[in-house]
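Me: I'd like a close look at a single part of this model, namely chain A. Please go through it in one connected answer, and bring in its partner chain where that helps.

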Amino acid sequence: MAVKYGIPTDPDYTERLAEFEARIQRGEKIEPGDWMPEEYRRQLIRMISQHAHSEVVGMLPEGAWITRAPTLKRKMILIAKVQDEAGHGQYLYHAAETLGVSREAMLEALLSGKAKYSSIFNYPTLTWADIGTIGWLVDGAAIKNQTMLAACSYGPYSRAMVRICAEETFHHKQGKEMVLLYAKGTPKQRQMAQDAINRWWWPALMMMGPHDADSPNTEILTRWGIKTKSNDTVRQEFINEHAPEILEAGLTLPDPDLRYDPQSGNWIHGPINWDEFWQVVKGNGPMNKERLAARRKAHQEGAWVREALEAYAAKQQKTALAV
Amino acid sequence: MDTQWPRWEVFKQDTPHKPHQAVGSVHAADPQHALLTARNIFARRPQAVSMWVVRADDIFSRTKEELAADPVNMESEKTAALRPYVVFRKTSHRRSMTFVDYVGEVSARSPEEALKQARAKFTDVEALAWWIVPADRLTKSDPSNETIESWFAPAKEKTYKQQQYYATVGSHVSKHKTGREDTDEA
């Protein structure tokens, strides 16, 4: 049976769209095989594949520190975390594949530079304190977004997010623990933690994407239950949780305008440098070229493994037929 | 463009008394490769005691909406032999990290006939989606204790992968939180 992706010129589009939106209103999950607007499918493929690529590229900044972890315990934690990112990429590619896009096509888009991934991974990891800060701030920001997406209307994406959130919370906590220990440590350790916070704070705030007023997709994504909260709402939740914790640890934040507003209970941040955000999105961030080059190299160097396993499988099949 | 191999759906059983549940898919060249990859991707943490894989192409699936719109055509060949089919279904819209659960087996001449039988046999709860898989197409992990130990036990000891390991970090964890992450991990 052909999967039905409706387009507005279909004679029954209005009717089916109404039923589709009613299903989402009732809190039902849309599953592979169900009718959905082509635009719903397109938006999901865009978001999920971008998300998958982010997990895959996200292994690079941290992977670079596995050999330099200060203790065996920290090395084991970091290896497990990077393994998780690889797994999360797999969960997400799977969710996108249920919409009829192939993994080959998605990887091709990533390696050719056509596909986007989270800009945060185009910043360098300069010291060991960056590893803790990435866990606390970058994964902290990611969890806020992912918790929101775990409630989304598309079954496979929601399930991937529920699984990812459960695992990602470990990433957040180990990072926070690391930074808090450094904040209580030697002057050099404190200075390293502060330096890392200074460099990662703003890029972390940019992870939720442009302000609501500049986010043209938000309305339809909300209507169809893909996004259940706006960018600014998620960003505010992140700041409200993390700003007081960082300050309480005796560290500072690189935002002179940051203040607590007792009336709303919100921490109000200063202006975000969106020029920097768009520069990095367009490929001009500090590490864009290196990240892509590393992915391409890994893909090329793995080619013989893929070929060998395929040859082995073909040989086994032949033997099985001969028996 | 090179190949990423065929896609295999993965079913994981958390404990001996729970059903196998669809957790996601992997790409692999053959069934054993698929099982190994599935173990690395879906059993990095407790718990698991068994895994099954099946080629995505071997699954016959229908959602409730599909069945309402187009009842399954039952023209199975009368000459075809009866064979066992494994039945999985989804019964809830609740937030979850798994899709369809194993419910049992039926014997039929085609996937369509198997689905019809499944709908007549498993009626305790309304099904939102069905998966029908020829039993001989499932590849299962070795059920011996030795394999279960070597495949699934290591994840149990790596407690640093669990968020609870870090529960005591900072005095202010709950103090400042306006909305705690709800991860469905009760």
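Reply: A word on terms to start with: a helix here is a DSSP run of H or I at least four residues long, and helices are numbered from the N terminus. With that in hand, Thr319(A) belongs to helix α12 of chain A. Keep in mind that we're looking at a predicted model.

Thr319(A) makes a handy way in. Is it buried or exposed? The cut-off for exposed is 12 or fewer other C-beta atoms within 10 Å. Thr319(A) has 9 of them, so it counts as exposed. Pair it with Gly135(A) and you get a feel for distances in the chain: the two C-alpha atoms sit 49 Å apart, with their positions 184 residues apart in sequence.

Now zoom out to the chain as a whole. Chain A is built from 12 helices and 4 strands. Its radius of gyration comes to 22 Å where the globule rule gives 20 Å for 323 residues, and these are close, so chain A is as compact as a globular protein of that length. Laid along its principal axes, the C-alpha trace runs to about 65 × 55 × 35 Å. Of the 323 residues, 45% are buried. Look at contacts with a separation of 6 or more, and 74% of those in chain A join residues 24 or more positions apart.

The domain assignment splits the chain into domain 1, covering 5-285, and domain 2, covering 287-323. Their C-alpha centres are 29 Å from each other. Where they touch, domain 1 of chain A puts in 12 residues and domain 2 of chain A puts in 8. On the domain 1 side, α2 (38-63), α4 and α10 (274-284) of chain A each give two or more residues. That side has 7 nonpolar and 5 polar residues, and no charged ones.

Inside chain A, the pairing of α6 (residues 155-183) with α7 (residues 187-206) deserves a stop. The two pack at an angle of about 135 degrees with axes 7 Å apart, and α6(A) and α7(A) are therefore oblique to each other. From α6(A) come Val179(A), Tyr182(A) and Ala183(A), and they meet Gln189(A), Arg190(A), Met192(A) and Ala193(A) of α7(A). Sorted by class, that contact has 5 nonpolar residues, 1 polar and 1 charged.

Helix α6(A) turns up again once chain B enters the picture. The contact between the chains draws 52 residues from chain A and 46 from chain B. On chain A's side, the elements giving two or more residues are α3 (72-97), α4 (103-111), α5 (128-149), α6, α9 (231-248) and α12 (303-322). The largest share, 14 residues, is from α6(A). Class by class, this side of chain A holds 19 nonpolar, 13 polar and 20 charged residues. Helix α12(A), where we began with Thr319(A), is also on that list.

And the partner? Chain B has 4 helices and 8 strands, running along the sequence as β-β-α-β-β-α-β-β-α-β-β-α. Buried residues account for 35% of its 186. In its helix α3 (residues 111-121), the buried ones are Pro111(B), Glu113(B), Ala114(B), Leu115(B) and Ala118(B). They pack against β4 (60-63), β5 (83-90), β6 (101-108) and β7 (129-134) of chain B.

Notes:
Residues are numbered from 1 along each chain as its sequence is written. Chains are lettered from A and ligands numbered from 1 in the order in which they are written. This is a predicted model: local features need pLDDT of at least 70, side-chain atom pairs count only at pLDDT 80 or more; totals for chains, interfaces and linings use all residues. Axes are lines fitted to C-alpha atoms, for helices over the stretch in contact, and angles run from 0 to 180 degrees between N-to-C directions. Angles under 35 degrees count as roughly parallel, over 145 as roughly antiparallel, 65 to 115 as roughly perpendicular and the rest as oblique. Two residues are in contact if their C-beta atoms, placed from the backbone, lie within 7 Å. Ala, Val, Leu, Ile, Met, Phe, Trp, Tyr, Cys and Pro count as nonpolar, Asp, Glu, Lys and Arg as charged, and the others, Gly among them, as polar. The radius of gyration is taken over C-alpha atoms; the globule rule is 2.2 Å times the number of residues to the power 0.38. A residue is buried if 20 or more other C-beta atoms lie within 10 Å of its own, exposed if 12 or fewer, and partly exposed in between; C-beta atoms are placed from the backbone. Domain bounds come from an automatic or database domain assignment.
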